[in-house]
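Q: I would like to learn how to read the features of a protein model, taking them one at a time. Could we go through the structure below together?

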Amino acid sequence: MKNRLYYQDAYIHTFEAEVVHRGLDENSNHYVILSNTAFYPTGGGQPCDLGTLNDVKVVGVEVVEGEIYHYLEKPLPDEEQHVFGVIDWDRRFDHMQQHAGQHILSAAFQDLFGYKTVSFHLGKESVTIDLQTPNVSKKELEVAFQKANEIVFHNEPILTKWVEPDELSHYPLRKPPKVTEDIRLVIIEGVDYNACGGTHPRRTGEVGPIQLLGTERMKDNVRISFLCGWRAIKAFQSKHDILRRLTHSFNRPEEELYSTIEQAFHEQNRLKAELANVMATLLDQEAISLIESAEGLENGCKLIARFYIDRPLQELQQLSHSIKDHDPNTIILLTVLNENKLQLIASRGKDVSQDMNKMVKSVLPLINGRGGGKADHAQGGGEAVMTASALLEHLKRAIIGKEAVL
């Protein structure tokens, strides 16, 4: 482990090393192996470090068959055997905060309630732990996060120690280590004793605030989402900005926002329902008007054929249903151009026998379209390769025969 500089000092920003090996993996990704490195590889729930080697971007770091592969955006020049590495410090310190915060929070849940952490994930947006329990109450969450933040503000030392397997019994570990050699303990005296290979700050105070985001059931466990340090501070600032804009928009103090917004939603839903009733009445009147001007067919049925521009298909669906309700002996053909898409509806009342699905599918190839339905109602859409009126004429031909005028 001597060539892994992040174990000697997690605060190392830069380092120098020799290139031991260059290569391409099975996916043709360039990588190098170095004589020593400060780049932490992905592992233990913690993502890898990023940065540069001689100004070439390091885009990933992994342990492959015991060696640390540094994946590069492009290959290092062959003549460059000596490299100067630079760690993305903001990313490294963020991971240090989140990982140490996880240790503290997991310890709090286990000490207070006996809930063990069975998995940990450090993501780009948030951090999660899965607790071995089917439920966590709101009060338990409050108490655990209070305890975790008390540990942060006590600013306890975070120590690391390499031990042999026979020494493990001297420490109250929360769970046995997954390895049998190169065992590294991360210790917060009186708080947490854990076998861990991740990077951590020197003291708990550097973790910063630990803030709950939410919970969700995951089979028989509960997943806790949270943020630590700068992530928590940035999230607070973002949410505060949103609250500030809302208080300005609604002209209400922050403590009244919830009831004000809830009232606004109720009013919006009321207006939507009222508008829907008005629209239904208007469509009903439009349906009656269209029936009155319908074309009579030789078989005794009536035909309503109309084309539109920029009219919602859902509205035309309602219109066709309203027409059928008023006159079951009617065929309805409707086409519409919405943006760059042609759409069509073919529908019939219960006293008409023609197959609307068959008719719609016969014209869909003309517009490279897709669609279908049932014998009494079908619809579809496709490319605007013709006008809505031209598509309507093709549909009329399919319904009433060759005598329709194109």
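Q: Does Arg-244 count as buried, partly exposed or exposed, and what is its relative accessibility?

A: A word of care comes first: this is a predicted model, and what follows should be read in that light. Accessibility is sorted into classes, with buried meaning under 20% relative accessible area and exposed meaning over 50%. Arg-244 has a relative accessibility of 48% and therefore counts as partly exposed.

Q: With which residue does the side chain of Arg-244 meet in a salt bridge?

A: The general idea is that side chains of opposite charge can pair when their charged atoms come close. In this structure the partner of Arg-244 is Asp-241, with 3.6 Å from N to O, and Asp-241 is itself partly exposed at 23% relative accessibility. The two residues are three apart in helix α4, which spans residues 229-250, so about one helical turn separates them.

Q: Which residues form a salt bridge in helix α5, and how many residues apart are they?

A: In helix α5, residues 257-292, the residues are Glu-274 and Arg-270, which lie four residues apart, or about one turn of the helix, and their side chains meet in a salt bridge at 3.0 Å from N to O. Glu-274 is partly exposed with a relative accessible area of 43%, and Arg-270 is partly exposed as well, with 42%. Elsewhere, salt bridges that share partners join Asp-111, Arg-174 and Asp-192 into one network.

Q: Which salt bridge links distant parts of the chain?

A: Asp-9 forms a salt bridge with Arg-202, and the closest N and O atoms of this pair are 3.7 Å apart. The residues are 193 apart along the chain, with Asp-9 in the loop between α1 (5-8) and β1 (14-24), and Arg-202 in the loop between β11 (192-195) and β12 (210-218). Asp-9 is partly exposed with a relative accessible area of 29%, and Arg-202 is partly exposed with 47%. The count of salt bridges in the model comes to 15.

Q: Which residues make the nonpolar surface patch of about 280 Å²?

A: To read such a patch, one looks for nonpolar side chains that remain accessible and lie together. Here the patch of about 280 Å² is made by Leu-275, Val-278 and Leu-282. Val-278 lies in helix α5 and is partly exposed, with a relative accessible area of 41%.

Q: How many strands does the closed barrel have, and in which order do they run?

A: For a sheet, one follows the strands from neighbour to neighbour and notes the sense of their pairing. The closed barrel has six strands, which run β1-β2-β5-β4-β3-β6 with antiparallel pairing, and neighbouring strands of this sheet are turned by 45 degrees against each other on average, direction ignored. Within the barrel, β1 and β2 (residues 30-34) run antiparallel and are joined by five bridges, and His-21 has Ile-33 in β2 as its bridge partner.

Q: How many residues lie between β12 and β13 in their hairpin?

A: A hairpin is read from its two strands and from the turn that links them. Between β12 and β13 there are two residues, and Lys-219 in the turn has a positive phi of about 60 degrees. The strands, with β13 covering residues 221-228, pair in the antiparallel sense over eight bridges, and Met-218 stands opposite Asn-221 in β13.

Q: Which strands stand at the edges of the open sheet of six strands, and why is one side of each left without a neighbour?

A: The order of this open sheet is β14-β15-β16-β17-β19-β18, with mixed pairing. The edges are β14 (295-296) and β18 (370-373), and because each has a single partner strand, one side of each is left without a neighbour in the sheet. Strand β16 (residues 330-338) pairs with strand β17 (residues 341-348) in the antiparallel sense over eight bridges, and Leu-333 stands opposite Ala-346 in β17.

Q: Is Ala-346 buried or exposed, and which residues does Ala-346 touch?

A: Ala-346 is buried, with a relative accessible area of 0%. Not counting residues up to four places away in sequence, Ala-346 touches Ile-332, Leu-333, Met-356, Val-360, Asp-376, His-377 and Ala-378. The C-alpha atoms of Ala-346 and Val-360 are separated by 6.6 Å, although these residues are 14 apart along the chain. Helix α7 (residues 356-363) lies across β16, β17, β18 and β19 (377-383), running at about 155 degrees to β17.

Methods:
Residues numbered from 1 in each chain as written. Predicted model: local features only at pLDDT ≥ 70, side-chain atom pairs only at ≥ 80, totals over all residues. Heavy atoms only, no water. Pairing = 2+ DSSP bridges. Contact = heavy atoms within 4.5 Å. Axes fitted to C-alpha atoms, helices over the stretch in contact; angles between N-to-C directions. Salt bridge = Lys/Arg side-chain N within 4 Å of Asp/Glu carboxyl O. Buried < 20%, exposed > 50% of the residue type's maximum accessible area, 1.4 Å probe, protein only. Patch = residues over 30% accessible without salt bridge, like charges linked within 9 Å, V, L, I, M, F, W, Y side chains within 5 Å. Areas by Shrake-Rupley, 256 points an atom, 1.4 Å probe, with all protein chains shown as cover.
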